[in-house]
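Let's walk through the cysteines and the charged side chains of this protein together. The sequence and the model come up just below.

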Amino acid sequence: MTNLTNFCTAIQHSPHEEKTEQADCKAIKFDDSDGFVESLTANYANSCRVDYFEVIEDGLIMIELKRIKLKIQNLLRQGKTKKDIRNKVLTNIAKKFQKSLSIIQSEINPDLIPTINYLVVDNDIESVILDKYLPNNLREEPFVICKTNEICDKLSKFDTRLCPE
């Protein structure tokens, strides 16, 4: 099996308008051409995948970075209702967590237990947007929302991570 620590990289959003928002900590890069999934022999190219993950003993933390404000604005321009936006955003994110769990358990360890999932949004997102377009119970299940500048504090509570500070 591949050494997962080879894929420890800084947690960062994809570039937008020539800016890249980055956290001051690392996790295992899962998606993209430089992520763990590309090292596998199975082809997961059409699978929805989270951006990063972290392993803590037998626990699994999955991290999806999303420019949620841009996503909502694009859907509003398409004439989508608040309900349509909720469904589209939640369905997409839920698929990413479910499919990623399946891939990680089959390729790394079937005994890994999902511990917590994080949806990391841009630092400049207003709470009003999250409250208006995403349901309140989303903040507990199936994932926790935090901003880029908050993810390192959340991860630092787990002292057995593969990608320590």
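In this predicted model, the count comes to two disulfides. Counting bonded cysteines along the chain, they follow the pattern 1-4, 2-3.

Let's start with the link from Cys8 to Cys163, whose sulfurs sit 1.9 Å apart. The torsion about this S-S bond is about -80°, so the disulfide of Cys8 and Cys163 is left-handed. Cys8 belongs to strand β1 (residues 8-12), while Cys163 is found in the segment after α4 (148-156), so the pair ties together parts that are 155 residues apart in sequence. How accessible are the two ends? Cys8 has a relative accessibility of 17%, which puts it under the 20% cut-off, so it counts as buried. Cys163 is buried too, with a relative accessible area of 1%.

The other disulfide joins Cys25 to Cys152, with an S to S distance of 2.3 Å. This link also ties distant parts of the chain, with Cys25 in strand β2 (residues 22-29) and Cys152 in helix α4, 127 residues apart. With -95° about the S-S bond, the link of Cys25 and Cys152 is left-handed. Are Cys25 and Cys152 buried or exposed? Both of them are buried.

Which cysteine sulfur is nearest to that of Cys146? It is the sulfur of Cys152, 9.2 Å away, and Cys146 is in no disulfide. A disulfide needs sulfur atoms within 2.5 Å, so a distance of 9.2 Å does not qualify. Cys146 is buried, with a relative accessible area of 1%. Cys48, in turn, is partly exposed, at a relative accessible area of 29%.

Now for the charged side chains. The count of salt bridges comes to seven, and the table shows three among them.

| Salt bridge | Closest N to O distance |
|---|---|
| Lys29 and Asp32 | 3.5 Å |
| Asp31 and Arg49 | 2.5 Å |
| Lys96 and Glu64 | 3.0 Å |

Take the bridge between Asp31 and Arg49, with its closest N and O atoms 2.5 Å apart. Asp31 and Arg49 each lie in the loop between β2 and β3, so their pairing ties together parts that are 18 residues apart in sequence. Asp31 is buried, as is Arg49.

The bridge between Lys96 and Glu64 has a closest N to O distance of 3.0 Å. Here Lys96 comes from helix α2 (residues 82-107) and Glu64 from strand β4, so the pair ties together parts that are 32 residues apart in sequence. Again, both Lys96 and Glu64 are buried.

The bridge of Lys29 and Asp32 is part of a wider arrangement, as Lys29, Asp32 and Asp34 are linked in a network of salt bridges. Within it, Lys29 counts as buried, at 12% relative accessibility, whereas Asp32 counts as partly exposed, at 40%.

Finally, have a look at the surface. Which residues gather there in a patch of negative charge? They are Glu57, Asp58, Asp111 and Asp159. One of them, Asp58, lies in the loop between β3 (52-56) and β4 (59-66). Asp58 has a relative accessibility of 48%, so it counts as partly exposed.

Methods:
Residues are numbered from 1 along each chain as its sequence is written. This is a predicted model: local features need pLDDT of at least 70, side-chain atom pairs count only at pLDDT 80 or more; totals for chains, interfaces and linings use all residues. Side-chain values use heavy atoms; hydrogens and water are left out. Helices (H or I, at least four residues) and strands (E, at least two) are DSSP runs, numbered from the N terminus. Buried means under 20% relative accessible area, exposed over 50%, partly exposed in between (1.4 Å probe, protein chains only). Patches are made of residues with over 30% relative accessible area and no salt bridge: like charges are joined within 9 Å, nonpolar side chains (Val, Leu, Ile, Met, Phe, Trp, Tyr) within 5 Å. Accessible areas come from the Shrake-Rupley method with a 1.4 Å probe; for residues, only the protein chains shown count as cover. A salt bridge is a side-chain nitrogen of Lys or Arg within 4 Å of a carboxyl oxygen of Asp or Glu. Lys and Arg count as positive and Asp and Glu as negative; His and the chain ends are not counted. The place of a charge is taken as NZ of Lys, CZ of Arg, CG of Asp or CD of Glu.
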